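Visitor: I am new to this model and would like a close look at one part of it, the place where aromatic rings meet. Please take me through that part slowly and then through what surrounds it.

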Amino acid sequence: MNRIIGILFAIIVLVSCNSQKVYSDFDISYSKSGGFAPVYENLLIKGNNVHYSFEGQGKKHKQDFKISNEDLKKLDQVLSQNNFRRIQEDRKKLYDNVSTSINVKKGPNEGSKTDASLIIPNYQTNWNNILGAFQDIINTNVKKQ
C-alpha cells in the first residue's frame, strides 16, 4: 500500500512540474499583467508553436496554436526596425499599473524590456509599434470566447 501511495505521489509531482514547463521554455514572450483589477495575459512563442493564456475580468482562456514562418519573420523585423534592444526604460515608480514585458531569448534582438516603470518618451513610439505587432498576432490567431 505504501508503495502505491509513493508511486502516485511521484506521478503527481512529475505532472505538476511538467505543466509549468510551457512558461519557462520559450524563444519570445509577451506578458501583460497588473492593474487595479488584475489582468494576466501571456503569449509564449517556441519555434512555430505558440501558447496564449488570459485571466482577468472574470474570464480565463488558454489556447495553443501555430504561427507561420512569415509571421515570425515579420515580428522579428518589427523588433529590429524599432530598435528593441535600444529601448530605454524609465526608473519612476508606478503602482496599480498594467505593465507589459517582452523577453526575446533567441536571435539578434535578444533582450528583455518592460514598461512597468514606463518607457523613456523618445522610445515610446518604438515600444507602441512592438506592442502592436504582438497584439496583431493575438487578434489574428486567438479565438475569444
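Visitor: How many aromatic pairs does the count come to?

Guide: Before the answer, a word on how the model should be read. It is a predicted model, in which local features need pLDDT of at least 70 and side-chain atom pairs count only at pLDDT 80 or more, while totals for chains, interfaces and linings use all residues. Residues are numbered from 1 along each chain as its sequence is written, and side-chain values use heavy atoms, with hydrogens and water left out.

The count comes to 1 aromatic pair, under a rule by which rings of Phe, Tyr and Trp (its six-membered ring) pair if their centres lie within 6.5 Å, with planes under 30 degrees apart called stacked, over 60 edge-to-face and the rest tilted. The two partners are Tyr 30 and Phe 134, and because their ring centres are 5.2 Å apart and their planes meet at 15°, the pair is stacked. Tyr 30 belongs to strand S1 and Phe 134 to helix H3, so the pair ties together parts that are 104 residues apart in sequence; helices (H or I, at least four residues) and strands (E, at least two) are DSSP runs, numbered from the N terminus.

Both rings lie away from the surface. Tyr 30 counts as buried at 2% relative accessibility, and Phe 134 is buried with a relative accessible area of 0%, where buried means under 20%, exposed over 50% and partly exposed in between (1.4 Å probe, protein chains only).

Phe 134 also leads us into the largest nonpolar core, a term for a set of buried Ala, Val, Leu, Ile, Met, Phe, Trp, Tyr and Cys residues joined through side-chain atoms within 4.5 Å. This core has 25 residues, and those with the most contacts inside it are Leu 43, Leu 75, Ile 102 and Phe 134. At least two of its residues come from each of strand S1 (28-34), strand S2 (39-46), strand S3 (49-56), helix H2 (69-81), strand S5 (98-104) and helix H3 (124-141), and the largest share, 7 residues, is supplied by H3. Leu 75 touches Phe 134 as well as Ile 28, Ile 45, Ala 133 and Ile 137, not counting residues up to four places away in sequence, a contact being heavy atoms within 4.5 Å. In soluble globular proteins, nonpolar side chains tend to be buried together.

Tyr 30, for its part, brings us to the strands. Its bridge partner in S5 is Ile 102, and S1 and S5 pair in the antiparallel sense over 7 bridges, where pairing requires at least two bridges found by DSSP between two strands. S1 also pairs with S2 in the antiparallel sense over 7 bridges, and here Ser 29 stands opposite Leu 44 in S2. S1 and S2 form a hairpin with 4 residues between them, and Gly 35 in its turn has a positive phi of about 100°.

Just before S1 in the sequence, charged side chains come into the picture. The structure holds 4 salt bridges, each a side-chain nitrogen of Lys or Arg within 4 Å of a carboxyl oxygen of Asp or Glu. In one of them Lys 106 pairs with Asp 27, their closest N and O atoms being 3.9 Å apart, and this pair links distant parts of the chain, since Lys 106 is in the loop between S5 and S6 and Asp 27 in the loop between helix H1 (2-19) and S1, 79 residues apart. Lys 106 is exposed, at 54% relative accessible area, whereas Asp 27 counts as buried at 12%. A further charged side chain, that of Lys 105, lies over the face of Phe 26, at 4.1 Å from the ring centre; a charge sits over a ring if NZ of Lys or CZ of Arg is within 6 Å of the ring centre and within 35 degrees of the ring normal.

Helix H2, which helps to supply the core, carries a salt bridge as well. There Asp 71 pairs with Lys 74, with the closest N and O atoms 3.9 Å apart, and because they are 3 residues apart in the helix, about one helical turn separates them. Asp 71 is partly exposed with a relative accessible area of 25%, and Lys 74 is partly exposed with 45%.
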